[in-house]
Amino acid sequence: MRVRFCPSPTGTPHVGVMRAALFNWAYARHTGGTFVFRVEDTDAARDSQESMDAIVEGLAWLGLDYDEGPGVGGPHAPYRQSERRDLYADVARRLLEEGYAYESWSTPEEVEERHRAAGRDPKLGYDGFDRDLTPAQVQAFRDQGREPVLRVRMPDEDVVVSDLVRGEVVFPAGSVPDFVVVRANGQPLYTLVNPVDDGVMGITHVLRGEDLLSSTPRQVVLHRALVEMGLSQRVPQFGHLPLVLGEGNRKLSKRDPESDLFLHRERGLLPEGMVNYLALLGWSIAPDRDVFTREELVEAFDVRDIGANPARWDQKKAEALNGDHLRMLAPEVLLDRVLPHLRSAGLLDGDPTPAQRRLLEGAVPLVQTRMAVLSEAPGMLGFLLVPDEELVVEEDALGALRPEAADVLDASAAALVDLVDWDAAAVESALRAAVVDGLGVKPKFAFGPLRTAVTGRRISPPLFESLELLGRESSMLRIAALRRRLG
RNA sequence: GCCCCCAUCGUCUAGCGGCCCAGGACACCGCUCUUUCACAGCGGCAGCACGGGUUCGAAUCCCGUUGGGGGCACCA
């Protein structure tokens, strides 16, 4: 069992593409097969090293390790197609010699013109004109200084593709035009290079997006030629994954922000959550369960369970699932995951100081059930990391204060100044005595002013624990500050 | 235009002829818990696109219609 992931390095990693990688990886790991990573960089104009690096980073982030590929090597190295030119030139030559392909001189304009002249739809595609030219005709084209492309001859029978996900798919004879595999300038195209490498590298299963289904008959025909020429052992089995759609039922394109893997990472999706959600797009682990780990995915994954209908990207579901994974994390792991987000929010400069780390160790467990994505952490934890005088009291928190707020703050301050033990339990009973019992304010409203004073927000981690973490000095300063503000 | 794919709650899906007057999850709406918000728990709303067959019996099989999507490059 050998599967592969073969992106072309253009742009940033796309969630649809990474999902294909995930399914291939999961299938390999489930079956004990080999996961090959190959780079399809035959389009020098669009390919970039940055994109290549980003894909590698994306795979690493998601935890999709590969057994063969750039950087790790393997029996079929090199794994970058730009380094395999000789092979392709060789195969192209043999394809021509053995009659599977032929030189084609027609320009697209000429093809269209012929269709028009014959009363056919001009957009029908290549018409096979150059299939059986006489030597004299060929010479005439040469004399004009033309350079031919190389086209593979499609058979005159139907091509039947047995798809792992969709069953038998029949492409009627004549519905797929002969296709170009080598440009006039000698550059091999994806149409050649992809089947050649799959064949030569012994790929047994090709799991890829449904957008490639209609190019499958061409690849099957080429694979058959490769097998007949002794260059490959088999035609791989194909399985076409349902497309991932964006808003408005369109294929998720690079233009859509949801398609950008790293944007989700910035938003604070965990790789665990991302893997889970991606796998759920077209696959399910059990009738009554949809939260699972990477290991559980590997354990349960089977291509036969992949559905055929397209799936819409649902950000809410992705984040809800992420919340589940976030809660499954050990607190110290969550702390580490949260740090980059605190840094990019400007709350942390490099590594936390020992004091900051202590605060975070206390606070992270308090916010673990309160986040779905990591980018919520700065808002929740910021009050602990910011100096007292820089605490921003948010507008809506101020607006929510009731008339008795000043009295509440006064009573609270009085109750807390001389508190003997500064811990959450002691703080709570002191405050309850002072505000709930003392002032007769209902518990639901009693602590709002304090929360606002101390955290600057209406919504925060639990108040008494927050006070404990913040410490008496800061707490008193903040209470006094808001009290002054209320006049 | 041609070829191909798809069709169960708003969304992701379970269902592979009787277990289904269709199950789960997200979302949404209530309630409980509660120092805010969450989490958790409980409850609710909501679907087999339509029409023909086949069958004792169809969400499940077949055909058609409609709807949606993908592909038709000297891109990948």
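**Strands, pockets and the RNA-facing surface of a predicted model**

Strand β1 pairs with strand β2 (residues 34-37) in the parallel sense, over 4 bridges. The model described here is predicted. Within this pairing, Phe5 stands opposite Phe37 in β2. Strand β1 is covered on both faces. Arg2 and Arg4 are buried on one side, and Val3 and Phe5 are buried on the other.

Strand β1 also takes part in the lining of the largest pocket, to which it supplies at least two residues. This pocket holds about 1,200 Å³ of space. Its lining comprises 43 residues. Nearest the centre of the pocket lie Pro7, Ser8, Val17, Asp211 and Leu212. Besides β1 (2-5), the elements that each supply at least two lining residues are α1 (15-31), α2, α6 (190-200) and β8 (205-209). Helix α1 gives the most, with 5 residues. By class, the lining has 19 nonpolar residues, 12 polar residues and 12 charged residues.

Helix α6, one of the elements that line the largest pocket, contains Asp197. The relative accessible area of Asp197 is 0%, so the residue is buried. Its side chain is not without a partner: the side chain of Asp197 makes a polar contact with the side chain of Gln81, at 2.8 Å.

Helix α2, also among the elements of the pocket lining, is followed by a loop of note. The loop between α2 (49-62) and α3 (85-97) contains Pro78. A cis peptide bond joins Ala77 and Pro78, with omega at about 0 degrees. In general, most peptide bonds are trans.

The surface near RNA strand B was examined next. A total of 61 residues surround RNA strand B. The closest are Arg166, Leu189, Thr369, Arg370 and Arg432. Of the atoms of RNA strand B that come within 4 Å of the protein, 73% belong to sugar and phosphate. By class, the surface near the strand has 26 nonpolar, 10 polar and 25 charged residues.

Individual side chains approach different parts of RNA strand B. A polar side-chain atom of Ser214 lies 2.9 Å from a sugar or linking oxygen of the strand. In the side chain of Glu210, an N or O atom is 3.2 Å from a sugar or linking oxygen of RNA strand B. For Glu465, the partner is a base oxygen of RNA strand B, which lies 3.4 Å from a polar side-chain atom of this residue. Several elements give two or more residues to the surface near the strand. They are β4 (149-152), β6 (167-171), β11 (311-312), α11 (315-328) and α20 (463-470). Helix α11 gives the most, with 4 residues.

Enclosed space was also searched for. Across the whole structure, 2 cavities of 30 Å³ or more were found. The largest cavity has a volume of about 40 Å³. Its lining consists of Met154, Pro155, Glu157, Val159, Phe171, Pro172, Ala173, Gly174, Ser175 and Val176. These residues divide into 7 nonpolar, 2 polar and 1 charged. The second largest cavity has a volume of about 30 Å³. Arg402, Glu404, Ala405, Val408, Phe445 and Pro449 line this second cavity. By class, its lining has 4 nonpolar and 2 charged residues, with no polar residue.

Two further residues complete the account. His115 lies in helix α4 (residues 108-117). At 3% relative accessibility, His115 counts as buried, because the cut-off for burial is under 20%. His115 and Gly125 are 10 residues apart in sequence, and their C-alpha atoms are 8.9 Å apart in space. Gly379 is placed in helix α14 (residues 377-385). With a relative accessibility of 31%, Gly379 counts as partly exposed. Between Gly379 and Val3 there is a separation of 376 residues in sequence and of 43 Å in space, C-alpha to C-alpha. Val3 is one of the buried residues of strand β1.

Key. Residues numbered from 1 in each chain as written. Chains lettered and ligands numbered in written order. Predicted model: local features only at pLDDT ≥ 70, side-chain atom pairs only at ≥ 80, totals over all residues. Heavy atoms only, no water. 1 Å grid on protein atoms, 1.4 Å probe; cavity = no way out; pocket = protein on both sides within 12 Å on 5 of 7 lines; lining within 4 Å. Points joined across faces, edges and corners; volume = space filled by probe spheres on them. Nonpolar A, V, L, I, M, F, W, Y, C, P; charged D, E, K, R; others polar. Near = heavy atom within 4 Å. Polar contact = N/O pair within 3.5 Å; in protein donor to acceptor, adjacent residues only side chain to side chain. Buried < 20%, exposed > 50% of the residue type's maximum accessible area, 1.4 Å probe, protein only. Pairing = 2+ DSSP bridges.
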